[in-house]
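Trainee: I'd like a close look at a single part of this model, please: the largest pocket and what is around it. Take your time, and connect the pieces as you go.

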Amino acid sequence: MERAASEAWRIAVLTSGHGRGSNLRALYKAFTKNSLPLKIAFATASSGKAPVVQLCSDLGLPCHILNPRYQESFENRLLELCQQEQIDLVALAGFMRLLSPAFLDQAGIPVLNIHPALLPQYRGKGMYGIRVHEAVFDAGERFSGATVHLVDPIYDHGEIIAQEQVDISDCHSPEAIAAKVLEIEHGIYARAIYRFLRRKFT
Ligand code: GRF
C-alpha cells in the first residue's frame with residue numbers, strides 16, 4: 001500500500017503472555033525518537049496478565065488480548081484488526097507460535113520476526129529464549145547476534161532481512177550472551193523494519 005509522505009506506515013506488534021516487551025518498547029522509542037514514518041497501531045498479548053499489557057498502557061498503545069492457542073479464532077480476529085487498522089506490516093516480538101499459511105496468505109502484508117541468534121544457526125521449535133543462548137554458549141561460539149527475517153510457516157525459516165553479529169568471547173554464561181544480543185536486537189529491529197518498508201513500498 002502506498003502512503004503519502006506525511007503518513008506513517010502502520011505496524012502491529014505481536015507478543016506473548018509472559019515476554020518482557022523490551023523489543024516492543026525499543027520499537028516504540030525508535031519510531032518516536034528518530035521521527036521515522038512508522039507508528040505502532042496496536043500490540044497483542046496472549047493474556048491479560050502479560051507484562052506487555054501494562055507496558056502498552058504506559059506507552060499509550062492499544063493492546064488486544066488474543067490467545068494464539070485457539071489458532072483459528074486468533075488469526076481471524078487478527079486479520080480483522082489488521083484490515084480495520086490498515087496495517088502495513090506485522091512485527092513479531094517474542095511471539096512463540098507459528099502462523100498458518102492461510103493467515104499469511106490472506107493477510108497479504110509482510111510479517112517479520114526477530115530471532116536472538118545468527119540464523120540459519122540455532123533455530124527451530126523449542127529454540128527460543130535462554131535456550132538459544134545456552135546452545136550458543138555450549139558450542140563455544142565466538143560470535144552471536146540477532147536476525148530479522150520474513151515469517152513463513154516454518155519456525156525461524158523465512159528470508160533474512162537484516163543480521164548483526166556481536167563478539168561474545170568475553171561472555172562467561174548464557175545470560176551474559178543474552179544481554180549482549182538483546183542490545184543488538186533493540187538497535188536492529190526498527191532499522192530493519194524501516195528499510196524493508198522503504199524498499200518495498202517506495
Ligand atoms: C527476544 O529475544 C526476541 O529475539 C525473541 O523473543 C525475545 C522477546 O524479548 N523472539 P522481549 O519480550 O521483546 O524483551
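Mentor: Happy to! Helix 6 (174-201) is the biggest contributor to the lining of the largest pocket, giving 4 residues. Please keep in mind that this is a predicted model. Helix 1, strand 5 and helix 5 (130-138) also each supply at least two residues of that lining. The space inside comes to about 870 Å³. Of the 40 residues that line the pocket, Gly 94, Phe 95, Met 96, Tyr 128 and Gly 129 are the closest to its centre. By class, the lining holds 19 nonpolar, 15 polar and 6 charged residues.

Now for the ligand, which sits in this largest pocket. Two elements give two or more residues to the shell around the ligand: helix 1 (22-33) and strand 5 (111-115). Helix 1 and strand 5 also belong to the elements that each supply at least two residues of the pocket lining. The full shell consists of Gly 19, Arg 20, Gly 21, Ser 22, Asn 23, Gly 94, Ile 114, His 115, Pro 116 and Glu 185. Sorted by class, the shell has 6 polar, 2 nonpolar and 2 charged residues. Gly 94 is part of this shell, and Gly 94 is also among the lining residues closest to the centre of the pocket.

Several shell residues have N or O atoms facing ligand oxygens at short range, and the distances may help you here. For Ser 22, an N or O atom of the side chain is 2.5 Å from an oxygen atom of the ligand. Gly 21 uses its backbone instead, with an N or O atom 2.9 Å from a ligand oxygen. For Asn 23, too, a backbone N or O atom lies 2.9 Å from an oxygen atom of the ligand. As for cover, the ligand taken alone exposes 370 Å², and the protein buries 87% of that.

While you have the backbone in view, follow the chain on from strand 5. Pro 120 lies in the loop between strand 5 and helix 5. The peptide bond from Leu 119 to Pro 120 is cis, and its omega is near 10 degrees. Another loop to inspect runs between helix 3 (71-84) and strand 4 (89-92), and Gln 86 lies there. Gln 86 is not a glycine, yet its phi is positive, at about 50 degrees. For background, most peptide bonds are trans, and most residues other than glycine have a negative phi.

Note on methods. Residues are numbered from 1 along each chain as its sequence is written. This is a predicted model: local features need pLDDT of at least 70, side-chain atom pairs count only at pLDDT 80 or more; totals for chains, interfaces and linings use all residues. Side-chain values use heavy atoms; hydrogens and water are left out. A residue is near a molecule or strand if one of its heavy atoms lies within 4 Å of it. A polar contact is a pair of N or O atoms within 3.5 Å; within protein, one must be able to donate a hydrogen and the other to accept it, and residues adjacent in sequence count only if both atoms are side-chain atoms. Accessible areas come from the Shrake-Rupley method with a 1.4 Å probe; for residues, only the protein chains shown count as cover. On a 1 Å grid over the protein atoms alone, a cavity is a set of points where a 1.4 Å probe fits but cannot get out, and a pocket is an open set with protein on both sides within 12 Å along at least five of seven lines; lining residues have an atom within 4 Å of a point. A molecule sits in a cavity or pocket if more than half of its atoms lie within 2 Å of its grid points. Ala, Val, Leu, Ile, Met, Phe, Trp, Tyr, Cys and Pro count as nonpolar, Asp, Glu, Lys and Arg as charged, and the others, Gly among them, as polar. Grid points are joined across faces, edges and corners, and a volume is the space filled by probe spheres set on the points.
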